[in-house]
Amino acid sequence: MSPQPTLCLIEDDPFIGESLSDRLRLEGFRVDWHQTAEQALAALRERRYALVISDIRLGSDSGEQLFYTVKAESRVLPPFLFITAYGSVERAVTLLKLGAVDYITKPFDIDELILKIRALTDTRADRPSPGHEPELGVSAAMQRLEAMLPLLAERRTPVLITGESGVGKEHVARRLHRLRAGTAKRPFIAINCAALSESLLEAELFGYEKGAFTGALRTKPGLFEQAHGGTLFLDEVGEMPLAMQAKLLRVIQDRRVVRVGGEREIETDIRLVCATNRDLAAQVAAGTFREDLFYRINVIHLDIPPLRERRDDIAWFADRFLEAYLAAHPEEPSRELDRSALHALADHPWPGNVRELRHCIERACILSGQRVLTGALLFDPGGIDDDARPEQPEKLGEHMAATEREFIRHALENHDWHIIETAEALGISRKNLWEKMKKFDLQPR
């Protein structure tokens, strides 16, 4: 049996330090508890720890400065998990980029902290090494999800990913695909089942032979064929018509596909990943989703919580989206989020989840010429400089049309241009939405 991991706990509050060290020992860990950064530094110079757990603020000392000192002195930086108050989240995110492995905000749930510690001290070969850059988020929920993906990467077992619109279901599917060996040579093919009519969806998935229908001027392989050896991602599978569900079930069972208008069976070797924001079990009970297909695609179920339930991820994602925007626009000045922006981000309910957060950051960068992005610039139109405002139409009708166009465009972006979802969110019919998109010339960028 391998020895229990030894932890270095740095906490200046005697009550919290004693309580944490006692609980950690009950959980089977060995714990060295230090009340000052100076004591901890001496210990870190003498021995190696599986994990360092430190408050960012240590009375007159700083866990942050301790991290920098250890990083400068050590050939191998021990993994650091920071405990931080809400106001220091931006500092924790910076430390994460410099090599810390995680952070947790006060007040924290002790069971959540234990889960983080267990994940970070797990020495299995399939666990990413300490100091790796998180891909899915820094919250306990997303870290648990990320820890599961290597276990699934080499298996062909179907996976069902559920969660609200905008939580990042396709991002998780792509992460799972990348973890498989030889990914560079394996295709990842994605299709939104809600975006096409039944006949078009069938032709896209299964392909068709020349002359199979009017307009079929050539033979076209379907997505099952194109994804051979890789991953086929069926987004919004809950929107698939019942007749198509039966055909999909046959392909999953037989691992063969027949093109529309064809007779030859073509073998398929794919990893099938489905995603939905619907309750498929409820749809099965209502008779709108096949029970046999549900059990076929729901072998492995990964559920992504909404962003409002994993607040630790908000600042982390905001920082990543800001970095991505600046990298894509090197000609623009550098920008940063101030404390008011982080407070505003944390207070927002994020009905559009991670997708809405990305658009929020991008919109603030586009409309603001300021280097420091404040909470007002993120959410309050009145916070945007007058120089950055577009010229307002003079007539009331023009002003109302411009406002309606912007409102619809924003809704489409929040729902990744999914027509059904956007129409439902706006409370209008799909036909009405199509008409307005045509009227305002709204198209994905």
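**Entry 1. The second largest pocket**

I started with the second largest pocket, which has a volume of about 530 Å³. The model is predicted, and I keep that in mind throughout.

I asked which residues lie nearest the centre of this pocket. They are Gly168, Lys169, Glu170, His171 and Arg358, out of a lining of 28 residues.

Next I looked up where the lining comes from. Five elements each supply at least two residues: α7 (169–178), β9 (188–192), β12 (231–235), α13 (312–328) and α15 (353–367). Helix α7 gives the most, with 5 residues.

I then sorted the lining of this pocket by class. I noted 11 nonpolar, 6 polar and 11 charged residues.

**Entry 2. The cavity**

I turned to enclosed space. How many cavities of 30 Å³ or more does a search of the whole structure find? It finds 1. I noted a volume of about 40 Å³ for the largest cavity.

I listed its lining: Ala153, Ala173, Leu176, His177, Arg180, Thr231, Arg271 and Val273. Two elements, α7 and β15 (271–276), each supply at least two of the lining residues. The largest share is from α7, with 3 residues. So I met α7 twice, because it also gives the most to the lining of the second largest pocket, and the DSSP runs fix what counts as α7.

By class, I have 4 nonpolar, 2 polar and 2 charged residues around the cavity.

**Entry 3. Strand β6**

I wanted to know how strand β6 (residues 80–84) sits. Is it buried or exposed? I found 5 of its 5 residues buried, so the strand is largely enclosed by the rest of the structure.

I checked the two faces separately. In a regular strand, side chains alternate between the two faces of the sheet. On one side of β6 are Phe80, Phe82 and Thr84. On the other are Leu81 and Ile83. Both faces are covered, and these residues are all buried.

Then I looked for its strand partners. Strand β3 (residues 51–55) pairs with β6 in the parallel sense over 4 bridges. Here I noted Val52 with Phe80 of β6 as its bridge partner.

Strand β7 (residues 102–105) also pairs with β6 in the parallel sense, over 4 bridges. I picked out two contacts along this pairing. Phe82 has Tyr103 of β7 as its bridge partner. Leu81 stands opposite Asp102 in β7.

I went on to β7 itself. Its faces are both covered, with Asp102 and Ile104 on one side and Tyr103 and Thr105 on the other. I found all of these buried.

**Entry 4. Aromatic rings around Phe80**

Phe80 led me to the rings. I counted 10 aromatic pairs in the structure. I took Phe67 and Tyr68 to begin with: their ring centres are 5.8 Å apart and their planes are at 65°, so the pair is edge-to-face.

I compared burial within this pair. Phe67 is buried, at 0% relative accessibility. Tyr68 is partly exposed, with a relative accessible area of 29%.

Phe67 also pairs with Phe80. I noted 5.2 Å centre to centre and 85° between the planes, again edge-to-face. Phe67 lies in helix α3 (residues 63–73) and Phe80 in strand β6, so this pair ties together parts that are 13 residues apart in sequence. Phe80 counts as buried, at 0% relative accessibility.

Which residues form one cluster here? I have Phe67, Tyr68, Phe80 and Phe82 in one aromatic cluster. Phe80 and Phe82 are on one side of β6.

**Entry 5. Cysteines**

Last, I looked for disulfides. A disulfide is a covalent bond between the sulfur atoms of two cysteines. The count comes to 0.

I asked why Cys193 has no bond. The closest cysteine sulfur is in Cys274, at 7.3 Å, which is too far for a bond, because the cut-off is 2.5 Å. Cys193 is buried, with a relative accessible area of 2%.

Cys360 gave a similar result. Its closest cysteine sulfur is in Cys365, 9.5 Å away, and that is too far for a bond. At 1% relative accessibility, Cys360 counts as buried.

Technical notes. Residues are numbered from 1 along each chain as its sequence is written. This is a predicted model: local features need pLDDT of at least 70, side-chain atom pairs count only at pLDDT 80 or more; totals for chains, interfaces and linings use all residues. Side-chain values use heavy atoms; hydrogens and water are left out. On a 1 Å grid over the protein atoms alone, a cavity is a set of points where a 1.4 Å probe fits but cannot get out, and a pocket is an open set with protein on both sides within 12 Å along at least five of seven lines; lining residues have an atom within 4 Å of a point. Grid points are joined across faces, edges and corners, and a volume is the space filled by probe spheres set on the points. Ala, Val, Leu, Ile, Met, Phe, Trp, Tyr, Cys and Pro count as nonpolar, Asp, Glu, Lys and Arg as charged, and the others, Gly among them, as polar. Buried means under 20% relative accessible area, exposed over 50%, partly exposed in between (1.4 Å probe, protein chains only). Two strands pair if DSSP finds at least two bridges between them. Rings of Phe, Tyr and Trp (its six-membered ring) pair if their centres lie within 6.5 Å; planes under 30 degrees apart count as stacked, over 60 as edge-to-face and the rest as tilted.
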